[in-house]
Amino acid sequence: MTDQAVFQRARSTQAKQAREAAILDAARTLGSRRGIREVTLTDIAAEVGMHKSALLRYFETREQIFLRLTAEGWREWSEALCTDLAQHARATPATVAASFTGTLSTRPLFCDLLAQAPLNLERNVSLEAVRTFKLGTLEEVARICGELHRLLDLTEEQAVDTIATATSMAGALWQMATPGPRLQELYASDPRLGHAVVEVEPRLHRVLTALLTGLDGATPLP
């Protein structure tokens, strides 16, 4: 295959970066289409037009590919959230919750990645890959914490708890909101199971509003 030959001949740093970008784009496309759990390394290689063994020259595992996309998602989400929050000189807990909810619910791939990262993406990569991911995430968390302190006077611990609640719930709720075909058939066939499929945005907004309302003005524990 011509594409495979081109990939194999790539030697320069620029060419390597272009190949990595193509692999990430392919994983992003497949993940959005099928869901992260359903995408294999072979699928990604085929989407790019290269052999699986050639792909392994650029990424050590499928998990490393998706962990890179998770880091990318954190940067993009943090930018969008902080830009939205920066428009407010003052804000209520409900307003801040709406910013979190709106920016997360419009990023379904990121929500899927948020659920998969602690379950398996961090468990089949090198320690250095995990370190890089964690340190990058910490930078984005710190940026968001600054906005939460400015708007609601949250402590660092309270802000971190809020971010952790928002991202973990967004990941879990997205999984509940997108059951596979067989589960969809089951839920549709039995009205008693209708509650199993949730809407991400309204539930996440309710939970975050309640959390932030409780934290607003609360006296930090010693």
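**Buried glutamates and the nonpolar core**

Glutamate 140 is buried (under 20% relative accessible area, with exposed over 50% and partly exposed in between, for a 1.4 Å probe and protein chains only) but forms no salt bridge, that is, no side-chain nitrogen of Lys or Arg within 4 Å of a carboxyl oxygen of Asp or Glu. The nearest side chain of opposite charge, arginine 143, is 4.3 Å away; Lys and Arg count as positive, Asp and Glu as negative, and His and the chain ends are not counted. The model is predicted, with pLDDT of at least 70 needed for local features and 80 or more for side-chain atom pairs, while totals for chains, interfaces and linings use all residues. Residues are numbered from 1 along each chain as its sequence is written, and side-chain values use heavy atoms, without hydrogens and water.

Glutamate 140 is found in helix 8 (residues 127-152); helices are DSSP runs (H or I, at least four residues) numbered from the N terminus. Apart from neighbours within four places in sequence, glutamate 140 is in contact with Trp74, Arg75 and Ser78, contact being heavy atoms within 4.5 Å.

Glutamate 63 lies in helix 5 and is also buried, with a relative accessible area of 11%. Its contacts, leaving aside neighbours within four places in sequence, are Asn120, Leu121, Asn124 and Val125. Of the 24 residues of helix 5, 17 are buried, so this helix is largely enclosed by the rest of the structure.

The largest nonpolar core has 61 residues, such a core being a set of buried Ala, Val, Leu, Ile, Met, Phe, Trp, Tyr and Cys residues joined through side-chain atoms within 4.5 Å. Its largest share, 10 residues, comes from helix 5 (residues 62-85).

How values were computed
Helix = DSSP H or I, 4+ residues; strand = E, 2+ residues; numbered from the N terminus.
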